[in-house]
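Here is a set of short exercises. Look at the sequence and the structure, try each task, then read its solution.

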Amino acid sequence: MALPSTVLVTGGCGFIGSAFLRRLVPEHPEIAWVNLDALTYAGHQGNLATIASAPNYRFVHADLRDAKATSEAILVHRPDWVFHFAAESHVDRSILGPGDFIQTNIVGTYNLLEACRAVWGDPEDRLFHHVGTDEVFGSLGETGLFSETTPYDPHSPYSASKAASDHLVRAYFHTYGLPVKVTNCSNNYGPYQFPEKLIPLMILSAMEGKPLPVYGQGTNVRDWLFVDDHVEAIWSVATRGRLGQTYNVGGDCERQNLDVVKTICAEVALATGKSFLEIQKQIAFVPDRPGHDHRYAIDASKIRTELGWRPKETFESGLRKTVAWYLANPEWVDSVRSGRYRDWIEANYGERAGR
Ligand code: NAD
Ligand code: TYD
């Protein structure tokens, strides 16, 4: 596919969208990059400090739940390609309050699809790349892998809302010929991840002497991928993948949660000179998440064989980089933890596990 003149990214102030922009804005100065973000608790312009003043970068403060604002942004900027990262992304929040997940992930995706459909009369050289999750496939037992043809079976309000958005995106391909591609990726980790997700929460709590809240027995399994490897996968699919296709993305890196937490304890001990045994004592088993999916694991053979994509980081190298980044960036941590996030944690968790 020919490279676009203008690209609009939604959710570029979040964890994965910002990693995408930090890499691609300097790598492609010939492309005009527009970042549309509502700046929810999870969106921080500070994540883009390294590119904020680049001449080929523009920020648009808009909310996808607002159909008019969404279509205005698409009309004004006329992107050739759209990368749709924006979402409410945390399962625990979706359990406590599904409403925002329905509005942003389903209605917001619909608004964006409609806005693109309205301006893309000729879909030649256009692309709507939808960033999906493997959680739409539900939960695996001890064996088996999610492939692109695994039936959808989402269990949480988050995964159900993401499943709906995937279906809508594919429906626009089949019904209206909108040029779409979908990637469904496993759990990401890395710098700039909001410290409500397992890995950054555990790194910071381990450093700060707080409890490390492990749900249930810690035997649930996730398939971890370093965020920059996800960015590379999305760009590979966008530039070389087939229209109308879905590609699963995963690191072939299954770990039980308790093993992840213990590895984090060891890395934090190594990085800070504190005692591993003392940090490990902070592990606190807490009541399980309702409807907690047991195991996710991705069969990434399609993207590997068709596009030659492979992760560059191992879990060990990626985790070491991530721990080092959180240690080196206390100002970022302070700024994202203040304000609305603090209020929300106190309202919903109280003193539970000392977050
Ligand atoms: P995130 O929560 O860190 O960031 C989400 C971003 O979207 C924020 O900048 C937020 O301000 C913005 N946003 C939220 N609602 C919006 C709205 N209504 N209008 C405009 N902007 C809005 O999320 P993330 O972890 O970077 O995930 C990005 C995408 O990748 C999501 O679609 C998510 O489902 C998907 N995904 C995430 C993972 C993971 O492990 N984090 C794995 C697979 C797929
Ligand atoms: P999370 O990072 O929320 O990602 P997801 O639920 O989308 O997979 O959680 C990863 C795993 O870690 C999941 O099995 C739930 C578990 N977990 C804990 O045990 N304790 C925690 O404090 C959190 C946030 C998650």
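**Exercise 1: The ends of a helix**

Task: Find the residue that caps the N-terminal end of α2, and give the distance to the backbone nitrogen of Lys68.

Solution. This is a predicted model, so treat each distance as computed.
- Step 1. Go to the N-terminal end of α2; the cap there is Asp66.
- Step 2. Pick out a side-chain oxygen of Asp66, which lies 3.1 Å from the backbone nitrogen of Lys68.
- Step 3. Now look past the helix: Arg78 follows α2, and its phi is positive, near 45°.

**Exercise 2: Two faces of α2**

Task: Sort residues of α2 into buried and exposed, and say why the buried ones share a side.

Solution.
- Step 1. Helix α2 covers residues 67–77, and its buried residues are Thr70, Ala73, Ile74 and His77.
- Step 2. These residues span an arc of only 95° around the axis, so they sit on the same side of α2.
- Step 3. Turn to the face that points away from the buried side: it carries Lys68 and Val76, both exposed.
- Step 4. Ask what the buried residues pack against: the partners are the strands β1 (6–10), β2 (32–37), β3 (57–61) and β4 (81–84), along with helix α4 (99–119).

**Exercise 3: One residue in α4**

Task: Decide whether Thr109 is buried or exposed, and list its contacts.

Solution.
- Step 1. Locate Thr109: it is in helix α4.
- Step 2. Use the cut-off: buried means under 20% relative accessible area. Thr109 has 1% relative accessibility, so it counts as buried.
- Step 3. Follow its side chain, which reaches the backbone oxygen of Asn105 at 2.6 Å.
- Step 4. Leave aside neighbours within four places in sequence. Thr109 then contacts His84, Thr104, His130, Ser165 and Val169.

**Exercise 4: The shell around ligand 1**

Task: Describe the surroundings of ligand 1, and name the element that gives the most to its shell.

Solution.
- Step 1. There are 29 residues around ligand 1, and those that come nearest are Ile16, Asp37, Ser89, Tyr158 and Lys162.
- Step 2. Check the oxygen contacts. A polar backbone atom of Phe15 is 3.0 Å from an oxygen atom of ligand 1. An N or O atom in the side chain of Tyr158 is 2.7 Å from an oxygen atom of the ligand.
- Step 3. Check a nitrogen contact: a nitrogen atom of ligand 1 lies 3.0 Å from a backbone N or O atom of Leu64.
- Step 4. Look at the cover. Ligand 1 taken alone exposes 830 Å², and the protein buries 97% of that.
- Step 5. Find the elements: α1 (15–27), β5 (127–133) and α5 (157–176) each supply at least two residues of the shell. β5 gives the most, with three residues.
- Step 6. Sort by class: 14 nonpolar, eleven polar and four charged residues.

**Exercise 5: The shell around ligand 2**

Task: How many residues around ligand 2 are nonpolar, polar and charged, and which come nearest?

Solution.
- Step 1. Of the 20 residues around ligand 2, the nearest are Glu135, Pro213, Arg222, Arg289 and His292.
- Step 2. Take two side chains. An N or O atom in that of Glu135 is 2.5 Å from an oxygen atom of ligand 2. For Arg222, the corresponding distance is 2.7 Å.
- Step 3. Add a backbone contact: a backbone N or O atom of Tyr215 lies 2.9 Å from an oxygen atom of ligand 2.
- Step 4. Taken alone, ligand 2 exposes 510 Å², of which the protein buries 97%.
- Step 5. Count by class: the shell has eight nonpolar, five polar and seven charged residues.

Terms used
Residues are numbered from 1 along each chain as its sequence is written. Chains are lettered from A and ligands numbered from 1 in the order in which they are written. This is a predicted model: local features need pLDDT of at least 70, side-chain atom pairs count only at pLDDT 80 or more; totals for chains, interfaces and linings use all residues. Side-chain values use heavy atoms; hydrogens and water are left out. Buried means under 20% relative accessible area, exposed over 50%, partly exposed in between (1.4 Å probe, protein chains only). Helices (H or I, at least four residues) and strands (E, at least two) are DSSP runs, numbered from the N terminus. The arc is that of the directions from the helix axis to the C-beta atoms. Contact means heavy atoms within 4.5 Å. A polar contact is a pair of N or O atoms within 3.5 Å; within protein, one must be able to donate a hydrogen and the other to accept it, and residues adjacent in sequence count only if both atoms are side-chain atoms. A residue is near a molecule or strand if one of its heavy atoms lies within 4 Å of it. Accessible areas come from the Shrake-Rupley method with a 1.4 Å probe; for residues, only the protein chains shown count as cover. Ala, Val, Leu, Ile, Met, Phe, Trp, Tyr, Cys and Pro count as nonpolar, Asp, Glu, Lys and Arg as charged, and the others, Gly among them, as polar.
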